[in-house]
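Here is a short note for a colleague who is new to this model. Please read the points in order, with the structure open beside them.

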Amino acid sequence: MSTHQYILPDPPAIYTRAQLLYVTSAQYSEEWNSSLHTHTCTELFFITGGNGVFQVRQERFPVAINDLVAVNAGVPHTETSQRGSPMEYVVLGVKGLETPADPNGCLLLHLSAGQDGISSCLRMLVQESRAGLPGCDQICRSLLEIILQRLRRREDFPLSPTASTVRPTRECDLVRRYIDNHFKENLTLDQLAALAHINKFYLSHTFRQAFDISPISYLITRRIQESHFLLTETDHSLSQIAQILGFSSLSYFSQSFRRLEGISPMEYRRHHRFPKK
């Protein structure tokens with residue numbers, strides 16, 4: 001399976017609702033072995049080629065080119081490709097967006113070929129994320145806004161902002177930026193609270209109100225996001241990766257990875273790593 005993922009840096013303050021966290025483009029190979037997993041944000045799957053089957057919880061349904069599957073945060077899902085018609089897709093990880101229409105937390109739409117320029121925006125998103133040139137994060141976020149605005153013109157697109165509208169305090173913003181820049185270090189809640197000059201219990205409360213996650217859980221999530229690259233693009237052992245990312249032990253890394261992704265780090269490496277020639 002050939003996969004490329006670009007994780008966007010912390011967005012500027014003007015992005016208060018739907019936030020683009022990452023862009024993933026993938027093409028299936030015969031080595032793929034699908035397993036149910038979850039994410040901490042909503043994922044928008046745009047099928048750009050081939051055919052396959054999508055599974056959400058225990059429900060399975062066919063998908064094909066020009067289909068869009070939206071899966072809410074925390075909903076177990078996976079996908080498999082049809083033999084003879086390798087599936088290709090672009091996935092946008094989006095925070096602050098959800099579909100309330102389906103009790104399973106999933107939405108399936110069929111988009112007309114080239115509808116409203118969405119395909120063009122997706123191609124530009126992939127190109128920008130791969131190139132990684134200055135300003136690409138702002139361009140990617142702007143392209144997401146265009147895609148969402150085009151989709152909102154449809155009567156069958158019930159995605160909406162999540163309920164949380166609490167603006168982060170200056171202290172919470174400071175702590176999140178610090179975690180983004182130092183997540184490989186041995187950080188504790190006491191250290192983060194001292195950095196922001198506030199009580200650690202107050203920090204935990206206000207941080208969770210603003211970002212729907214505790215400071216330490218956010219730290220672990222950032223480490224797991226970075227581990228995706230190390231697992232697929234390097235030959236480091238799991239112990240080395242755990243040490244690089246600041247985990248106290250391999251066991252803690254493996255437990256944290258499975259809790260967030262639904263599979264073990266080794267399974268993720270087998271599923272997503274493209275065989276080297």
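1. Helices (H or I, at least four residues) and strands (E, at least two) are DSSP runs, numbered from the N terminus. On that basis the chain has nine helices and 11 strands. Helix α2, for one, covers residues 136-152 and holds L148.

2. This is a predicted model, in which local features need pLDDT of at least 70, side-chain atom pairs count only at pLDDT 80 or more, and totals for chains, interfaces and linings use all residues. Residues are numbered from 1 along each chain as its sequence is written, and side-chain values use heavy atoms, with hydrogens and water left out.

3. Confidence comes next. pLDDT is the predictor's confidence in each residue, from 0 to 100. Its mean over the chain is 83, and 85% of the residues reach 70 or more. Among the elements, α7 has the highest mean, 95, and strand β11 (residues 160-161) the lowest, 65. Over residues 12-16 the pLDDT is below 50. Where pLDDT is low, the predicted coordinates should not be read in detail.

4. Now the chain as a whole. Buried means under 20% relative accessible area, exposed over 50%, and partly exposed in between (1.4 Å probe, protein chains only). Of the 277 residues, 48% count as buried. Contact means heavy atoms within 4.5 Å. Among contacts with a separation of 6 or more, 71% link residues 24 or more positions apart.

5. Look at the largest nonpolar core. Such a core is a set of buried Ala, Val, Leu, Ile, Met, Phe, Trp, Tyr and Cys residues joined through side-chain atoms within 4.5 Å. This one has 30 residues, and I179, F207 and F253 have the most contacts inside it. Two or more residues each come from α3 (170-182), α4 (189-196), α5 (200-211), α6 (215-233), α7 (238-244) and α8 (250-261). The most come from α6, which gives six. Beyond four places in sequence, I179 is in contact with L187, L192, P215, Y218, L219 and R222. Apart from this core lies another, of 27 residues, including F46, L97, V126 and L143.

6. Take F46 next. This residue sits in strand β3 (residues 42-49). F46 is buried, at 2% relative accessible area. Outside its neighbours within four places in sequence, its contacts include Y89, L111, I118 and I147. I65 lies 19 residues from F46 along the chain, and their C-alpha atoms are separated by 8.1 Å.

7. Return to L148. Is L148 buried or exposed? L148 is buried, with 0% relative accessibility. Residues up to four places away aside, L148 touches A18, L44, L97 and F157. L148 and I118 are 30 residues apart in sequence, with 9.2 Å from C-alpha to C-alpha.

8. Finish with α8. The helix has 12 residues and reaches 16 Å from its first C-alpha to its last, close to the 16 Å expected at 1.5 Å a residue. That expected span is 1.5 Å times one less than the number of residues. Which residues of α8 are buried? They are F253, S256, F257, L260 and E261. These residues lie on the same side of α8, because they cover an arc of only 105 degrees around the axis. The arc is that of the directions from the helix axis to the C-beta atoms. Their cover includes α6, α7 and α9 (265-272). After α8 comes G262, with a positive phi near 85 degrees.
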